[in-house]
Amino acid sequence: MKAIDIIFSIGCICIGVFAFVSGLKTVRKCKNKTVGRITGISESEGRDKDNIRTMYYSPEFEYEVDGQIFHGTGDTSYENYKRIKIGSDIKVYYNPENPQEHFTKGGGMLPTIFGAVAFVFGVLAIYGLLTS
């Protein structure tokens, strides 16, 4: 049993629990839904599945709650900016007590799913280390 393997496994468990709980809190708080309007495209640089540097594009949008306009960036990114249609609608889930807090498609459940997977991976890794 290597100490680094144990530390890595415990790290996965901790990150998994944090991401899972954080995702669930966001989904629970942001229970109201509205339709926003895509107003622009946000660019970010990253690496694709082959580890090649590439650009990713996310929709920028605005939405209205009780007469007040809020702005945000979508939680889903695309490698092709043409998939984002400026002027089209986007579903926005927001916190009725703090409408600035929101998420869009993919943003509510992705952290929760990632957290669950990281937690299970960490637990299985620890189990494997203890039984080998």
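Tyr-57 is a buried residue, since its relative accessibility is 13% and the cut-off for buried is under 20%. I begin with this side chain in what is, I should say at once, a predicted model. Its partner is Tyr-81, and the two rings form an edge-to-face aromatic pair, with 5.6 Å from centre to centre and 70° between the planes. Tyr-57 belongs to strand β2, whereas Tyr-81 sits in the loop between β3 and β4, so the pair ties together parts of the chain that are 24 residues apart in sequence. Tyr-81 counts as partly exposed, because its relative accessibility is 43%.

Let me turn from that pair to the sheet. Five strands make up an open sheet, in the order β3-β2-β1-β4-β5, and the pairing is antiparallel. Strands β3 and β5 are the edge strands, each of them pairing on one side only. On average, neighbouring strands of this sheet are turned by 40° against each other, direction ignored. As a general reminder, the strands of a sheet pair through backbone hydrogen bonds, in either a parallel or an antiparallel manner.

I now take the two hairpins in turn. Strand β2, residues 53–65, and strand β3, residues 68–73, run antiparallel and are joined by six bridges. Within this pairing, Glu-62 has His-71 in β3 as its bridge partner, and Phe-61 stands opposite Gly-72 in β3. Two residues lie between β2 and β3 in this hairpin. Asp-66 is in that turn, and its phi is positive, about 50°, although the residue is not a glycine. Asp-66 counts as exposed because its relative accessible area is 81%.

The second hairpin is formed by β4 and β5, again with two residues between the strands. Here β4, residues 89–95, and β5, residues 98–103, run antiparallel and are joined by three bridges. One of the partnerships is that of Asn-95 with Asn-98 in β5.

A further backbone detail concerns the loop between β1, residues 32–47, and β2, where Asn-51 is found. Phi of Asn-51 is near 65°, a positive value in a residue other than glycine. Is Asn-51 buried or exposed? Asn-51 counts as exposed, because its relative accessibility is 55%.

Gly-72, which I mentioned as standing opposite Phe-61, deserves a second look. The residue lies in strand β3 and is buried, with a relative accessible area of 14%. Its C-alpha atom is separated by 9.3 Å from that of Glu-101, and the two residues are 29 apart along the chain.

Next, the aromatic side chains across the model. How many aromatic pairs does a search of the whole structure find? The search finds six. One of them joins Phe-8 and Phe-121 in an edge-to-face arrangement, at 6.2 Å centre to centre and 85° between the planes. This pair links distant parts of the chain: Phe-8 is in helix α1, residues 3–29, and Phe-121 is in helix α2, residues 110–131, with the two positions 113 residues apart in numbering. Phe-121 counts as partly exposed, because its relative accessibility is 46%. Ring pairs also link Phe-61, Tyr-63, Phe-70 and Tyr-94 into a cluster.

Helix α1 also holds Ile-7. This residue counts as exposed, because its relative accessibility is 57%. The C-alpha atoms of Ile-7 and Ile-126 are separated by 9.6 Å, while the residues are 119 apart along the chain.

My last topic is the largest pocket. About 240 Å³ of space lies in it. Fifteen residues line the pocket, and the closest to its centre are Pro-59, Tyr-78, Asp-89, Ile-90 and Lys-105. Which strand gives the largest share of the lining? That strand is β4, with four residues. By character, the lining divides into six nonpolar, four polar and five charged residues.

To close, I return to the sheet: its order is β3-β2-β1-β4-β5, and its two edge strands, β3 and β5, each take part in a hairpin, β3 with β2 and β5 with β4.

Terms used:
Residues numbered from 1 in each chain as written. Predicted model: local features only at pLDDT ≥ 70, side-chain atom pairs only at ≥ 80, totals over all residues. Heavy atoms only, no water. Pairing = 2+ DSSP bridges. Phe/Tyr/Trp six-rings, centres within 6.5 Å; stacked < 30°, edge-to-face > 60°. Buried < 20%, exposed > 50% of the residue type's maximum accessible area, 1.4 Å probe, protein only. 1 Å grid on protein atoms, 1.4 Å probe; cavity = no way out; pocket = protein on both sides within 12 Å on 5 of 7 lines; lining within 4 Å. Points joined across faces, edges and corners; volume = space filled by probe spheres on them. Nonpolar A, V, L, I, M, F, W, Y, C, P; charged D, E, K, R; others polar. Axes fitted to C-alpha atoms, helices over the stretch in contact; angles between N-to-C directions.
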